[in-house]
Amino acid sequence: MSVVENILEQVKKRNPGEVEFHQAVEEVLQSLAPVIEKHPEYAKLGLVERFVEPERVIMFRVPWVDDAGQVQVNRGFRVQFNSAIGPYKGGLRFHPSVYLGIIKFLGFEQILKNSLTGLPIGGGKGGSDFDPKGKTDGEVMRFCQSFMTELYRHIGQDLDVPAGDIGVGAREIGFMFGQYKRIKNQYEGGVLTGKGLSYGGSLARTQATGFGLIYFVREMLAAAGTDYKNKTVVISGAGNVAIYACEKAQEYGAKVIAMCDSAGYIVDEDGIKLDTVKQIKEVERKRISEYIKYHPTAKYVAGQNGIWSVKCDVALPCATQNDISIENAKQLVANGVLALGEGANMPCTNEAIEYFLEKKVLVAPAKAANAGGVATSALEMSQNSMRLSWTFEEVNEKLDGIMVNIFKAAQSAAKEYGFEGNYVAGANIAGFLKVAEAMMAHGVI
Ligand code: NDP
């Protein structure tokens, strides 16, 4: 058994049932094999074994009272995975599917993503199996307050800085920040990112993940001698990442023809009218099926996943993990897809990614391509520390520069380790090398 297979075996044995975590580790370890071979010193130091084991895992009870006066109990998580290059940093996800395996996969990927940004942030992730859908503002507030009443003792601006993710937007961050401030009796602006603009948030943070994805894919298309002009684009999701990916892709002259939510997808061959999507999803918090009421020539299809049967040049999965299966990948390739940009975390199964690479589809991996969100969160932390605010243009320009640098880092690491043109392996290797160097410098901890 090779070193990598051995470590993977241990991970599976030690973390039974955590299938998403196994999947994320397997994907990364596959790319690291040549790195491990080149650095025999890692073996004695147990460096990779330490890398796949979180520094700390916190699980807690979150009781709250619903509008009917009934007590509800959810479970809260925070996984502080790796602090070799900076304080733990990563979002909070509120979704009924959340359990330890999901938070661990996200925290693990976050280490490499944060490293790739070039900024001093370690990897962590958290969340709860609470479902904000269909809850009143009062219920969401009481849940967030209860969640923070436990979480506050584990976080801090130099220790661990959470942000948003699925189900956690400006409203939830606001409630959690308020409760943190109240309990700590101090104004620690840099303890959470994704804050509102009136209390320390950064301009362009809302747009950052989606915009950053489009910047990364722009670089990848340019390296292949092409661009967005007149390309057809399909985007899964209609949340924060999807909406701003759509906005920037349209600005670059691409034609976005389909988007979805968890209930179904819309196809508008004339091009998605993003203002309508924003009104439905951001303002009214309704289903995307409403779109056809405003644009009757568009089509709505109920059910998950069908969106990948829509023919496109560029596919941007921006909804959730394992959205694209091997069957979806085959369909996309058969329809002539040119490039895939992962806006969501781990949106493709490992089999699907391998198939895309084999068929020479350009793949922008999540760790690199969606790092614009956390990078801009780190810029928010910088502004909080300096007690000043940059303009939208200043933040956006820095974000663009960061995404270009991430692309270059992935491109050159891939070349150096014999994976030329494979940005999946390149991103894993470039992200890992920096963390490994810092871990070596810190001794055995
Ligand atoms: P949101 O909660 O804003 O939006 C998620 C969207 O995906 C919603 O439209 C949701 O539909 C849809 N969705 C969820 N599950 C499914 C499903 N099974 N099938 C189809 N659609 C689904 O989350 P974000 O946009 O913030 O996050 C999306 C992804 O991007 C996640 O993987 C997240 O980890 C990742 N990400 C987010 C960052 C950020 O800054 N926000 C940063 C980096 C990565 P519905 O409304 O019906 O639930």
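Which residue follows H17, and what is the sign of its phi? I looked this up in the model, which is a predicted one, and found that Gly443 comes after H17 with a positive phi, near 80°.

**Entry on H17**

I then went back along the helix itself, which runs over residues 423-441 and holds 19 residues. From its first C-alpha to its last I read a reach of 27 Å, close to the 27 Å expected at 1.5 Å a residue. At the N-terminal end I noted that Asn422 acts as the cap, with a side-chain oxygen 3.0 Å from the backbone nitrogen of Val424. I also checked how far the helix is covered, and 14 of the 19 residues of H17 are buried, so that I can call the helix mostly covered, taking buried as under 20% relative accessible area.

**Entry on the ligand**

I turned next to the ligand and listed its surroundings, which come to 24 residues, the closest being Lys133, Asp165, Thr209, Ser262 and Arg287. Sorting this shell by class, I have 6 nonpolar, 11 polar and 7 charged residues.

For individual distances I looked at oxygen atoms of the ligand: a polar side-chain atom of Thr209 lies 2.7 Å from one, and a polar side-chain atom of Arg93 lies 2.9 Å from one. With Ala238 it is a polar backbone atom that lies 2.9 Å from an oxygen atom of the ligand. On its own the ligand has 890 Å² of accessible area, and I noted that the protein covers 86% of this. The elements that give two or more residues to the shell are helix H8 (205-223) and helix H9 (240-251).

Where does the ligand lie with respect to domain 1 and domain 2? Since domain 1 (3-187) and domain 2 (206-364) both give residues to the shell, I place the ligand between them.

**Entry on Ser236**

I looked up Ser236 and found it in strand E6, which spans residues 232-236. Ser236 has 0% relative accessibility and therefore counts as buried. Its side chain is joined to that of Asp323 by a polar contact of 2.7 Å.

**Entry on Gly373**

Is Gly373 buried or exposed? I read a relative accessible area of 1% for Gly373, so I enter this residue as buried. Gly373 belongs to helix H15, residues 372-386. I also took its separation from Gly138, and these two residues stand 235 residues apart in sequence and 28 Å apart in space, C-alpha to C-alpha.

How values were computed:
Residues numbered from 1 in each chain as written. Predicted model: local features only at pLDDT ≥ 70, side-chain atom pairs only at ≥ 80, totals over all residues. Heavy atoms only, no water. Near = heavy atom within 4 Å. Polar contact = N/O pair within 3.5 Å; in protein donor to acceptor, adjacent residues only side chain to side chain. Areas by Shrake-Rupley, 256 points an atom, 1.4 Å probe, with all protein chains shown as cover. Helix = DSSP H or I, 4+ residues; strand = E, 2+ residues; numbered from the N terminus. Nonpolar A, V, L, I, M, F, W, Y, C, P; charged D, E, K, R; others polar. Domains from an automatic or database assignment. Expected span 1.5 Å × (residues − 1). Buried < 20%, exposed > 50% of the residue type's maximum accessible area, 1.4 Å probe, protein only.
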